[in-house]
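Q: I am new to this structure. Please take a close look at its side chains, beginning with cysteine and then going on to salt bridges and their surroundings.

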Amino acid sequence: MPEEALRGIGLIAAGFGIVTVSDAAVKWVLPEIGVAVAMMVRGTLGALTVLVLAGGFRVRAVNRRLVAARSLLHCAVTVTFYLAWLRGMALGDSYAVAAVAPLVMTVLAIPLLGESVGWRRWLSTFVGFLGVLVMVRPGGDLWRWEAALLLGGVVFMAVTRIWTRVLARTDRPATIAFWLMVAHIPFGLAILPVFPAIGWPSWSGWVAILCLGIGNGSAHFLFARAFALAPVGVLAPFEYSTLVMGTIVGVVVWGDVPAWSTAAGAAIVVGAGLYNLRRAQIRAREARAAAPARG
């Protein structure tokens, strides 16, 4: 494996580790400061962190409309996660629901990117969605309105990831990460009347706030660097590492042991997502091999 790909793997693994800690930090401090304040804190500290790591103010967007649309839509996704965590959803459970995103991307890539999906990926995607039904079965731990809200957020998250692929053709990764962080500030102000500040954070809350803001900025910067070094197909499977790390953190910090239905459904979803990724890699190799023959 080329050295650049190995560096990309190291960066993506570090990024997902940091974002797991950052998510745990925001889940910890949310009962003290509220959703809107957490959004503004994340945006302010995260944007400053990206600027420092990027080495300056070279963050001017080229495709401004799409950068703005992606950033605002991602803010809406953030609200769904924060609200679910504030309402007591376990970190591992939220990551289990988020694991559906690659399956949704498989479907949305057809109208948004003009990609074709073969019958094998359609079948595995259908099986993956059956895994969602296992997780949110009536009477289970995820049979709650927060899970339904989070599923809606995951659909929007899949759209933002597809838009990221489009933006990669015109804009620098640091630019995309910076404006994503910045968008959290006005978005948090806009929803402040709906989610007012709860109170002043404790000392542990201040530590969590620093982890939240700096961690998010650092993680998104690492993601950007990783995808600049290694192919998406090499890095994508590491996304599921947050499911394992988030479950461990949830058990250690809050004692949140996932139900059997959540674990079983998540295994089905992850398996389907990895199979889809493998089929996409095979199709890409076949397309590259056929190109010289057509020429």
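A: C75 has a relative accessible area of 0%, so it falls under the 20% limit and counts as buried. C211 is partly exposed, at 33%. The model is a predicted one, and a search of the whole of it finds zero disulfides.

Confidence comes next. The chain has a mean pLDDT of 88, with 95% of its residues at 70 or more. Among its elements, helix α3 (residues 64–86) has the highest mean pLDDT, 96, and helix α10 (residues 232–235) the lowest, 67. Where pLDDT is low, the predicted coordinates should not be read in detail.

Now the salt bridges, of which the count is three. One of them joins the side chains of R87 and E146, at 3.1 Å from N to O. This pair links distant parts of the chain, 59 residues apart: R87 belongs to the loop between α3 and α4, and E146 to helix α7 (residues 145–167). The two ends differ in cover: R87 is partly exposed at 47% relative accessibility, whereas E146 is buried at 4%.

E146 also meets the side chain of R144 in a salt bridge, at 3.0 Å from N to O. R144 is partly exposed, with a relative accessible area of 28%.

Helix α7 takes part in a further salt bridge through R161. Here the side chains of E239 and R161 meet at 2.5 Å, N to O. This pair, too, links distant parts of the chain, with E239 in the loop between α10 and α11 and R161 in helix α7, 78 residues apart. E239 is buried, with a relative accessible area of 16%, while R161 is partly exposed at 25%. Through shared partners, salt bridges join R87, R144 and E146 into one network.

Nonpolar side chains also gather on the surface. W28, V244, I248, V251, V252, V253 and V257 form a nonpolar patch there, with about 660 Å² of accessible area together. Helix α11 (residues 241–254) gives the most to this patch, five residues. V253 lies in that helix. Its relative accessible area is 40%, so V253 counts as partly exposed.

T262, in helix α12 (residues 260–294), is a buried residue, with 3% relative accessibility. Apart from neighbours within four places in sequence, T262 is in contact with D93, A96, M135 and L142.

Key. Residues are numbered from 1 along each chain as its sequence is written. This is a predicted model: local features need pLDDT of at least 70, side-chain atom pairs count only at pLDDT 80 or more; totals for chains, interfaces and linings use all residues. Side-chain values use heavy atoms; hydrogens and water are left out. Patches are made of residues with over 30% relative accessible area and no salt bridge: like charges are joined within 9 Å, nonpolar side chains (Val, Leu, Ile, Met, Phe, Trp, Tyr) within 5 Å. Accessible areas come from the Shrake-Rupley method with a 1.4 Å probe; for residues, only the protein chains shown count as cover. A salt bridge is a side-chain nitrogen of Lys or Arg within 4 Å of a carboxyl oxygen of Asp or Glu. Helices (H or I, at least four residues) and strands (E, at least two) are DSSP runs, numbered from the N terminus. Buried means under 20% relative accessible area, exposed over 50%, partly exposed in between (1.4 Å probe, protein chains only). pLDDT is the predictor's confidence in each residue, from 0 to 100. A disulfide is a pair of cysteine sulfur atoms within 2.5 Å. Contact means heavy atoms within 4.5 Å.
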